[in-house]
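Thanks for making the time, everyone. I would like to take you through one chain this morning, beginning with its domains and ending with a few local details of the backbone and side chains.

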Amino acid sequence: MSGTDADVIIIGGGPSGVAAGLELRRRGVEKIVLLEREAQLGGATRHCSHSPFGMREFGRVYFGASYGRRLEEEAQKHGVDVRTGHSVVGLGMDGSVEVATHRGVEAMTARRIMVTTGAREQPRAARLLPGDRPIGILTTGTLQAYVAFHGLMPFRRPLIVGSELVSLSAVLTCLTHGARPVAVVETRPHALARAPLSWFPGLVGIPFRKGVEILDILGSSRVEAVTLRCDARSETLACDGVLLTGVFTPESALFLQSPLGVDAGSAGPAVDQDGRLANPLYFAGGNVLRAVETGGWAFREGRAVGAAIAQDLESGSPAADHVSVSYEDPVKLVVPALVRRRDIRSAALRQFQLRFLRKARGTLSLTIDGRTVWHGRGRWLPERRILVPIPDSAQDARHIGFRFAEEP
């Protein structure tokens with residue numbers, strides 16, 4: 001192995017990491033080590049006591065926990081060296097990683113390293129919510145872990161904050177485990193999930209309010225009520241918990257603690273059209289690139305980046321220089337944020353993925369070396385996925401940028 005522990009080390013055992021490992025093995029890469037800090041594979045899907053998962057990957061519908069077990073079975077069946085209880089605590093610029101295990105901190109090396117650590121919801125402290133500090137303020141991930149792993153429902157009448165897809169998952173978890181939310185509230189003037197999914201709370205009789213400001217969380221030992229303001233009026237809703245949903249951020253602490261760094265817009269690593277970082281030994285895929293996509297999306301993305309790594313190992317060619325992709329307000333992020341001189345038609349990521357910071361109306365355009373090669377006009381909503389094909393001409397570009405001409 002030329003002094004290395006593996007051909008490829010994959011950090012993170014969610015859908016993206018497992019899919020990358022399966023694809024690498026399918027393409028003949030021999031030594032794949034997948035490091036997962038938890039005791040089982042599956043990532044956040046293990047917490048989800050609902051479906052659907054797995055239809056496009058495995059041709060059948062799974063609940064979250066079953067989907068995680070299927071990922072684990074597939075990894076074992078295809079010869080991926082899975083090591084659970086292994087937490088990576090440091091990334092070296094030379095293809096080495098520091099790993100904490102029950103034996104202490106160990107060093108491992110590989111020819112290539114892929115990071116698939118996913119994303120997480122912002123907790124209360126990051127949202128700067130006012131009020132008391134009682135028990136009963138949770139994120140969706142924490143709630144679903146209580147339910148899935150301990151059989152506990154920590155409240156019966158929570159207030160749900162947020163309107164992303166995961167907010168609907170939170171509603172389902174509550175309704176199927178003996179809790180009925182008093183309301184779902186969104187601080188923006190519109191829902192973030194698309195209709196008809198955004199209609200779901202109302203269809204099951206749960207009030208859904210938009211443009212709401214949280215003024216106070218009340219409670220001495222546990223949550224007793226929340227004071228809200230909407231349309232210049234304030235009211236206090238009695239409840240026994242606050243469930244904070246969505247507002248995801250990539251789990252990118254490993255990059256922040258290393259010279260690799262993160263992209264300011266996505267808060268995840270900046271990658272090229274193959275999922276490759278500026279440091280050519282490192283790749284990344286799944287929700288660590290940008291928050292947040294579905295498990296199925298992460299699986300397909302991980303598989304595509306795994307194929308790119310296999311091709312890179314086989315070719316042995318040095319990575320070409322890269323061009324950074326620029327963008328302007330109100331665009332929040334662009335992935336990939338780098339483009340290398342390489343055939344776009346065989347790239348892992350064939351489309352730019354964009355998000356907007358705020359609702360805006362106008363024309364979004366892609367320019368390459370000063371020439372507009374794509375444009376779209378309309379109303380753009382925040383946190384909605386926008387896909388723009390990467391043109392073949394991007395591989396030879398000196399400048400790539402997204403511009404926005406806003407209309408009143």
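**Domains, one interface and some local geometry**

The chain is divided into three parts: domain 1, which takes in 1–121 + 247–319, domain 2, which covers 123–246, and domain 3, which covers 320–408. Please keep in mind throughout that this is a predicted model.

Let me stay with domain 2 and domain 3 for a while. Their centres, taken over C-alpha atoms, are separated by 34 Å, and the contact between them takes six residues from domain 2 and six residues from domain 3.

How much area is buried between domain 2 and domain 3? The figure is about 530 Å², and carbon and sulfur atoms give 46% of that area. On the side of domain 2, His190, Leu192 and Arg194 supply 70% of the area that this domain buries against domain 3, which is more than any other three residues supply.

As for the chemistry of that interface, the side of domain 2 that touches domain 3 has three nonpolar, one polar and two charged residues. The count of salt bridges between domain 2 and domain 3 is zero, although three residue pairs are found in polar contact across the interface, with both residues of each pair at pLDDT 80 or more.

Turning to the record, the UniProt annotation "domain: FAD/NAD(P)-binding", which comes from an unreviewed entry, covers residues 7–298. Over residues 7–298 the chain is 23% helix and 28% strand, and the C-alpha atoms at the two ends of that stretch are 22 Å apart.

Next, the backbone, where I have three places to point out. The peptide bond from Ala291 to Val292 is cis, with omega near 0 degrees, and Val292 is found in the loop between β17 (282–284) and α9 (295–315). A cis peptide bond also joins Val335 and Pro336, with omega about 0 degrees, and here Pro336 lies in the loop between β19 (331–335) and β20 (338–340). The third place is Asp231, a residue other than glycine whose phi is nevertheless positive, near 55 degrees, and which sits in the loop between β13 (225–230) and β14 (233–238).

Finally, the salt bridges: how many does the structure hold? There are 25 salt bridges in the structure, and one of them I would like to show in detail. The side chains of Asp7 and Arg111 meet in a salt bridge, at 3.1 Å from N to O. This pair links distant parts of the chain, since Asp7 belongs to strand β1 (residues 6–11) and Arg111 to strand β6 (residues 104–115), with the two residues 104 residues apart.

Definitions and conventions: Residues numbered from 1 in each chain as written. Heavy atoms only, no water. Domains from an automatic or database assignment. Contact = heavy atoms within 4.5 Å. Buried area = accessible area lost by both parts, 1.4 Å probe. Salt bridge = Lys/Arg side-chain N within 4 Å of Asp/Glu carboxyl O. Polar contact = N/O pair within 3.5 Å; in protein donor to acceptor, adjacent residues only side chain to side chain. Nonpolar A, V, L, I, M, F, W, Y, C, P; charged D, E, K, R; others polar. UniProt positions renumbered as here; feature names shortened; annotations may be inferred. Helix = DSSP H or I, 4+ residues; strand = E, 2+ residues; numbered from the N terminus.
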